[in-house]
Amino acid sequence: MNAVELQELFSSNLKELRGQANLSQMKLAEKADLSVGYICDLESGRRWGTPETFSKLAVALDVSPFELLLPKEMEVSASDIQFRRNFASKVNKAMQKNLRTALDDAVSKAMTDSAN
């Protein structure tokens with residue numbers, strides 16, 4: 001995907017997500033603390049957002065920033081995104097617990113070996 005196609009995808013997704021949120025360009029501009037003209041330029045592809053813009057839009061639309069660039073064939077539901085976040089959090093906690101246990105075991109073994 002080249003830069004022009006990526007910008008077109010962003011513009012299209014922004015319009016669609018705004019519609020799904022039932023927001024006018026004016027309401028989205030207010031929620032994102034951006035100008036209406038800027039929202040219009042983003043949706044028409046005349047301008048390209050900064051990372052800060054993406055963040056503001058994502059918060060205002062109640063989506064993850066990556067959803068603004070997600071191709072349609074890769075769309076996932078909000079429940080799927082939440083499931084993935086929860087799963088990743090559980091895996092992270094389990095890995096931390098296992099790491100702590102492994103470190104405790106290694107320290108205990110090293111202390112036992114050095115005492116002998």
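The loop between helix 1 and helix 2 is home to N22, in a model that is predicted rather than experimental. Helices here are DSSP runs of H or I with at least four residues, numbered from the N terminus. N22 has a phi near 55°, a positive value in a residue other than glycine. Most residues other than glycine have a negative phi. N22 is also exposed, with a relative accessible area of 69%; exposed stands for over 50% relative accessible area, buried for under 20% and partly exposed for values in between, with a 1.4 Å probe and protein chains only.

A second positive phi, about 55°, belongs to D33, which is not a glycine. D33 sits in the loop between helix 2 and helix 3 (36-44) and is exposed, at a relative accessible area of 60%. Just after helix 3 comes G45, with a positive phi of about 85°.

Helix 3 itself contributes buried residues: Y38, I39, D41, L42 and E43. Their cover includes helix 1, helix 2 and helix 4, where contact is taken as heavy atoms within 4.5 Å.

The packing of helix 1 (residues 3-20) against helix 4 (residues 51-61) comes next. Two packed helices are described by the angle between their axes and the distance between the axes. For helix 1 and helix 4 the angle is about 25° and the axes lie 10 Å apart. Helix 1 is therefore roughly parallel to helix 4, a term for angles under 35 degrees, with over 145 counting as roughly antiparallel, 65 to 115 as roughly perpendicular and the rest as oblique. Axes are lines fitted to C-alpha atoms over the stretch in contact, and angles run from 0 to 180 degrees between N-to-C directions. The crossing of helix 1 and helix 4 is left-handed, that is, the near helix is turned anticlockwise from the far one by less than a right angle. On the helix 1 side, F10, L14, L17 and R18 meet F54, L57 and L61 of helix 4. By class, this contact has 6 nonpolar, no polar and 1 charged residues.

As for confidence, the protein averages a pLDDT (the predictor's confidence in each residue, from 0 to 100) of 86, and 91% of the residues score at least 70. Among the elements, helix 2 (residues 25-32) has the highest mean pLDDT, 97, and helix 5 (residues 78-115) the lowest, 78. Where pLDDT is low, the predicted coordinates should not be read in detail.

Residues are numbered from 1 along each chain as its sequence is written, and side-chain values use heavy atoms, leaving out hydrogens and water. Local features need pLDDT of at least 70 and side-chain atom pairs count only at pLDDT 80 or more, while totals for chains, interfaces and linings use all residues.

Notes: Helices (H or I, at least four residues) and strands (E, at least two) are DSSP runs, numbered from the N terminus. Ala, Val, Leu, Ile, Met, Phe, Trp, Tyr, Cys and Pro count as nonpolar, Asp, Glu, Lys and Arg as charged, and the others, Gly among them, as polar.
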